[in-house]
Amino acid sequence: MKQPVSRTLPRLLRLVALTALIGSGLAHAADDYADITQLLKAGKAGDALAKADQRLAANPRDPQLRFLRGVAQSDSGKPAEAIATFTKLTEEYPELPEPYNNLAVLYANQNQLDKARTALEMAIRTNPSYATAHENLGDIYAKLASQAYNKALQLDATNANSVKPKLALIRELFSADPAGKRPAAAAPAPAPAVVATQRPAPAPAPAATPAAPAPAPAAAPTPAPAPAAAAPAPAAAATPAAPAAAAAATQDVTAAVQAWAAAWAAKDMKAYLAAYDKDFDPPGRQTRAAWEKEREARIVGKSKIAVQVSDITVSVSGNKATARFRQAYSADALNVTSRKTLDLVQNGGRWAIVRESTGG
C-alpha cells in the first residue's frame with residue numbers, strides 16, 4: 001500500500017507482488033514486467049498503471065500484467081479498482097495466494113477486518129506454507145483482539161486490571177515502526193524468484209573432501225614409537241569419515257527431495273504422502289487427515305502436473321536437514337516458479353519432511 005496510515009494495522013500488513021512468472025515466458029513479456037516493476041519501486045504508480053494498461057491492451061489475459069496493474073491501482077489510490085482486479089485473479093487462478101493476500105490488505109485499509117481475515121485464510125488454504133499470509137493474519141487477529149478488549153472495557157470497567165495490560169501490548173505492536181519489516185508495496189516482480197537460483201548447490205563440495213585419505217601417510221611414522229602407534233591410527237582413519245558421512249547424508253536428502261517431487265508429478269499419492277514424517281504438522285490449523293484429503297483433491301484433480309527442482313542447497317546437522325531449492329510447478333494452464341524450503345528429519349533410516357515453506 002502506498003499510503004499507509006501511521007500507527008495503524010494497514011501499516012503492518014504486507015502488500016506483495018506476484019513472485020511467480022505465470023504463462024508466457026517470452027523475453028519481451030519479461031521486459032514489460034520488469035519495466036512496470038521498476039516504476040512501482042520508484043514510486044511512479046501512475047506511470048506503472050499507464051504502462052500496464054497499455055500492455056494489457058495487446059495482452060488482456062496476461063495474469064502477471066493484471067497482477068502488477070492491481071498493485072499499481074492500489075498504489076495510485078484506487079482501492080475499488082484494485083479489489084476488482086485481485087478478485088478476478090482469485091477466481092481465475094485460485095491456486096495463487098498472492099491475490100488473496102493483497103485483497104486482505106486492501107480490505108484492512110477499509111477496516112473490513114472480517115473480509116481481510118477471510119481472504120488471508122483463503123491464501124493459507126491455497127498455500128499453507130505462505131509465510132506472508134500467516135504474518136498478516138496475525139496482525140488481523142491482533143487488531144480484532146484490540147477491538148474485543150475495548151468492547152469488554154466498555155461493557156464492564158471492573159475488568160480494567162486484566163484487560164488494560166493486554167491492550168497496552170497490542171498498542172505497542174501497532175505503534176512500533178515496522179519500517180524494515182514491511183517491504184514497499186512495489187517490491188514486485190518475478191525476478192527475485194529467479195535471482196536466488198544463482199547459488200551453487202553445495203553437494204559436490206563435500207563429495208570432494210573424501211579425497212582426504214591423504215592423512216594415511218601421516219600414519220606411517222607411527223611405527224617408530226611402538227606405544228604411541230596404536231592411538232594415532234584410529235584418529236587418522238576417523239578424520240575422513242566425517243566429511244564422507246556428510247556427503248552421503250547430503251546425497252540422501254537430495255534424493256528424498258527429488259523422490260518427493262517425482263511422486264507429486266506422477267500423482268502417486270501413496271509415495272507423496274509417505275514423504276512426510278509422522279510428526280509433520282500441517283499449517284493453517286488443519287488436522288493431518290484434513291490436509292491429506294485436501295492435497296489429494298488438489299493433486300489427483302489435475303489432468304497433468306510437472307514439478308521440477310533445481311539449485312538444491314542442503315545443510316545437515318545430525319538427524320536434521322534443510323533443503324532449499326527452486327521449484328517449477330505447472331498444472332494444466334498454470335505455471336509457477338518459486339523458492340521452496342523443506343525441513344527434514346532422519347527417521348528409521350529415511351529422510352522425511354517435517355515442515356515446508358515457500359519463498360525466501
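How many residues does helix H4 have, and how far does H4 reach from its first C-alpha to its last? I looked up H4 (residues 63-75; helices are DSSP runs of H or I with at least four residues, numbered from the N terminus) and found 13 residues and a reach of 18 Å, close to the 18 Å expected at 1.5 Å a residue. The expected span is 1.5 Å times one less than the number of residues.

I note that this is a predicted model, in which local features need pLDDT of at least 70, side-chain atom pairs count only at pLDDT 80 or more, and totals for chains, interfaces and linings use all residues. Residues are numbered from 1 along each chain as its sequence is written, and side-chain values use heavy atoms, with hydrogens and water left out.

I then checked burial (buried means under 20% relative accessible area, 1.4 Å probe, protein chains only). Twelve of the 13 residues of H4 are buried, so H4 is largely enclosed by the rest of the structure; among them are Arg66, Phe67 and Asp75.

I turned to H6 (residues 97-109), which reaches 19 Å over 13 residues. Twelve of its 13 residues are buried, including Pro97, Tyr100 and Tyr107. Just after H6, Asn111 takes a positive phi of about 60 degrees.

Last, I examined H7 (residues 113-126) and H8 (residues 131-155), whose axes come within 9 Å and cross at roughly 155 degrees. The axes are lines fitted to C-alpha atoms over the stretch in contact, with angles from 0 to 180 degrees between N-to-C directions. H7 and H8 are therefore roughly antiparallel, a term for angles over 145 degrees. Their contact (heavy atoms within 4.5 Å) includes Leu120 of H7 and Leu137 of H8.

Note on methods: Helix = DSSP H or I, 4+ residues; strand = E, 2+ residues; numbered from the N terminus. Parallel < 35°, antiparallel > 145°, perpendicular 65-115°, else oblique. Buried < 20%, exposed > 50% of the residue type's maximum accessible area, 1.4 Å probe, protein only.
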